[in-house]
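I opened this entry to record what I looked up on ring pairing and burial. The notes follow in the order in which I took them.

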Amino acid sequence: MRKKDLIQAIGGKIQHYPKRDVASAVEAVFSAMKEALTEGQRIELRGFGVFSVVSRKARMGRNPKTGESVYVPSSRHLLFKTGKDLQTMIGGRDGSDEV
């Protein structure tokens with residue numbers, strides 16, 4: 001599902017709002033989420049899941065092709081952990097998937 005499809009799906013459920021208003025609301029939600037994650041905040045949507053940013057320390061890695069040691073700098077990654085309700089709906093066992 002793309003953002004366009006999401007807007008159409010939401011618009012179909014709440015028909016008394018124009019499509020442009022639904023699109024603005026969806027865009028505002030995504031913008032707020034991006035801003036919060038950029039600031040390192042955690043986003044918890046009960047029943048859906050938790051988005052959080054995790055920091056990884058710098059380390060020495062290895063080039064799998066040559067076996068040579070390579071410096072891997074520190075970085076930040078997005079982590080998504082599915083909520084219990086969503087996990088039950090999709091029929092999975094494990095509750096954490098890295099995005």
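I began with burial: F51 and F80 are both buried. The model I consulted is predicted.

**Aromatic pairs.** I then asked how many aromatic pairs the structure holds. I found two aromatic pairs. For F48 and F80, I noted ring centres 5.6 Å apart and planes at 55°, so this pair is tilted; an angle over 60 degrees would have counted as edge-to-face. I recorded that this pair links distant parts of the chain, with F48 in the loop between β1 (43-45) and β2 (49-56) and F80 in strand β5 (residues 75-82), 32 residues apart.

**Accessibility of the first pair.** I looked up F48 and found this residue partly exposed, at a relative accessible area of 39%. For F80 I noted 10% relative accessibility, so F80 counts as buried, the limit being under 20%.

**Second pair.** The rings of F51 and F80 have centres 4.6 Å apart, and with planes at 45° I entered this pair as tilted. I noted that this pair, too, links distant parts of the chain: F51 lies in strand β2 and F80 in strand β5, 29 residues apart. I concluded that ring pairs join F48, F51 and F80 into a cluster.

**S52.** I turned next to S52, which I located in strand β2. Is S52 buried or exposed? I found 16% relative accessibility, so S52 counts as buried. Setting aside neighbours within four places in sequence, I listed the contacts of S52 as L37, R42, H77, L78 and L79.

Note on methods
Residues are numbered from 1 along each chain as its sequence is written. This is a predicted model: local features need pLDDT of at least 70, side-chain atom pairs count only at pLDDT 80 or more; totals for chains, interfaces and linings use all residues. Side-chain values use heavy atoms; hydrogens and water are left out. Rings of Phe, Tyr and Trp (its six-membered ring) pair if their centres lie within 6.5 Å; planes under 30 degrees apart count as stacked, over 60 as edge-to-face and the rest as tilted. Helices (H or I, at least four residues) and strands (E, at least two) are DSSP runs, numbered from the N terminus. Buried means under 20% relative accessible area, exposed over 50%, partly exposed in between (1.4 Å probe, protein chains only). Contact means heavy atoms within 4.5 Å.
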